Amino acid sequence: MKKLTRRGFIAALTGAALGLTGCRVFTPEAVYGPPPEDVYGPPSDFDPENNVVETVYGPPEDLGYDPVENEPEDVYGPPSDFDPDDNVPEAVYGPPSMFR
Amino acid sequence: MILPAQVKTGHLGELADYTRKLYREPELRRLFFELTLQCNEHCFHCGSTCTSARGDELSCDDWKRIIDQVKADFDISRMQLCITGGEPLLNRDFFEIMGYAHEQGFRWGMTSNATLITPQVARRLADVGMGTISVSIDGLRETHDELRGFRGGYDRAMAGVQNLLDVGTFHAVQVTTVVNHGNIDQLDALFEIMDGLDIDSWRVINLEPIGRALERPDLMLTPDDYRRLFTFIRQKRDEGYPLCYGCSHYLGVDWELELRDWYWLCNAGVYTASIMSNGDIGACLDIERRPELIQGNIKRDRLREVWDKRFEVFRHDLSELNEDCRACEHARFCRGDAHHSWDYDNNRPMVCFKGTLF
């Protein structure tokens, strides 16, 4: 398999995170473009913990979230950087069971 | 974990709201063409109960008219044709149909057992614009052949995969493995084989309680099997391997986005429609083909009208139909799970990972 290198993997994580921000080139639909290494561009010194998650959403520990007691949007408000319009499965394949 | 649970919870909440919008304003992005129900294999787990006989199927001219109609009526820039069967290559007009779709500007991908993909066929697939393909490998050689009822099928499928890779121009060559209680012990050995191929991804999914698989309850995964399967996928992904689970089911906040790159959403009827080999129009091809779930027939109905005015049965939360689901704290995110595994006789999900994963 075309295993992502550690740098590539981190770049992929960057891509996944940026995909959540609505940046289309990093969405699952990009499977139709070049292979992943090319899609994600040159590796950066991105640290997914400190750079993307906290920058975009704020440090999780500050949110005080209790999934049992709270409706999520009441605690966080709309996570504005997530674009559900881009939340589409990769369509390499067939129906879920792929029993064809 | 790729994102903190509370962040994923926020995303899932927004997705839940967005799903309501999709129910009102669906967008056709995945259009399945079931080019034939004919198949040269006889998989025990076939969801469409394929046969070796050719039934009452759409003609080449029918498919071309459909392609013209879809192009005229829909924005195809965000649409992909998903070609399936049966074994789609058994449609004698396959290359003419798909060459026409390519000429009309459609992106398309295919599922195949790959037993018919010789080097020449692989090159022709490239010529008619195939972008992606997923090939079924359901176990080690003996297991694969036994599950699919075709001696020699494994070797032919693996040769087909290699022939596809040798072409070198496809956007993605994927292998899909359906895991059941009988082949789950082969995951590690299969991983070694997949790792030796230059494929783009390995899709590992569970046996679903649909089609012929309903006759083999002994091969359904147990809760322990599920946890083992999903842990396997997550570990390999953590190591950087391009494994993924399918779109089949809601996995709970902790597991969502860990096994695939998107959050769960049943696409049936909101992003996905299908035209079956006899012209019937439905949502996902894995959904039981009972009359109330067939939305029309392409021989007499225009897909655009059917998409706009019917499909109501798919555009609501299934959880509304079941008392236990309505009361479940996860219903907002799972919405009753998937249409293909919904028991429409008893209005209950046949697959629910509550208690197994979350």
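Start by selecting Gly86(B), which sits in the loop between strand 2 (80-84) and helix 3 (94-103) of chain B. Helices (H or I, at least four residues) and strands (E, at least two) are DSSP runs, numbered from the N terminus. Show the backbone here: the peptide bond joining Gly85(B) and Gly86(B) is cis, with omega about 20 degrees.

A word on what is loaded: this is a predicted model, where local features need pLDDT of at least 70 and side-chain atom pairs count only at pLDDT 80 or more, while totals for chains, interfaces and linings use all residues. Residues are numbered from 1 along each chain as its sequence is written, chains are lettered from A and ligands numbered from 1 in the order in which they are written, and side-chain values use heavy atoms, with hydrogens and water left out.

Next, color helix 3 and helix 4 of chain B. Their axes are 9 Å apart and the helices pack at an angle of about 30 degrees; axes are lines fitted to C-alpha atoms, for helices over the stretch in contact, and angles run from 0 to 180 degrees between N-to-C directions. Helix 3 and helix 4 of chain B are therefore roughly parallel (angles under 35 degrees count as roughly parallel, over 145 as roughly antiparallel, 65 to 115 as roughly perpendicular and the rest as oblique). Show side chains: Phe94(B), Phe95(B) and His102(B) of helix 3 meet Val121(B), Arg124(B), Leu125(B) and Asp127(B) of helix 4, where contact means heavy atoms within 4.5 Å. By class, that is four nonpolar, one polar and two charged residues (Ala, Val, Leu, Ile, Met, Phe, Trp, Tyr, Cys and Pro count as nonpolar, Asp, Glu, Lys and Arg as charged, and the others, Gly among them, as polar).

Keep helix 4 (residues 119-127) of chain B and add helix 6 (residues 153-167) of chain B: the axes come within 9 Å and cross at roughly 50 degrees. That angle makes helix 4 of chain B oblique to helix 6 of chain B. On the helix 4 side, pick Pro119(B), Ala122(B), Arg123(B), Leu125(B) and Ala126(B); they meet Asn163(B), Leu164(B) and Val167(B) of helix 6. This contact divides into six nonpolar residues, one polar and one charged.

Now jump to helix 7 (residues 187-195) and helix 8 (residues 223-238) of chain B, which pack at about 30 degrees with axes 12 Å apart. Helix 7 and helix 8 of chain B are therefore roughly parallel to each other. Select Leu187(B), Asp188(B) and Phe191(B) from helix 7, then Leu229(B), Phe232(B) and Lys236(B) from helix 8, to see the contact. Its residues are four nonpolar, no polar and two charged.

One more backbone stop: Leu257(B), in the loop between strand 7 (243-244) and strand 8 (272-275) of chain B. Phi of Leu257(B) is near 70 degrees, a positive value in a residue other than glycine. Most residues other than glycine have a negative phi, and most peptide bonds are trans.

Last stop, a view inside. Which residues are the closest to the centre of the second largest cavity? Select Tyr23(B), Cys266(B), His316(B), Asp337(B) and His339(B), out of the 14 that line the second largest cavity. By class, its lining has eight nonpolar, three polar and three charged residues. On a 1 Å grid over the protein atoms alone, a cavity is a set of points where a 1.4 Å probe fits but cannot get out, and lining residues have an atom within 4 Å of a point.

Definitions and conventions. On a 1 Å grid over the protein atoms alone, a cavity is a set of points where a 1.4 Å probe fits but cannot get out, and a pocket is an open set with protein on both sides within 12 Å along at least five of seven lines; lining residues have an atom within 4 Å of a point.
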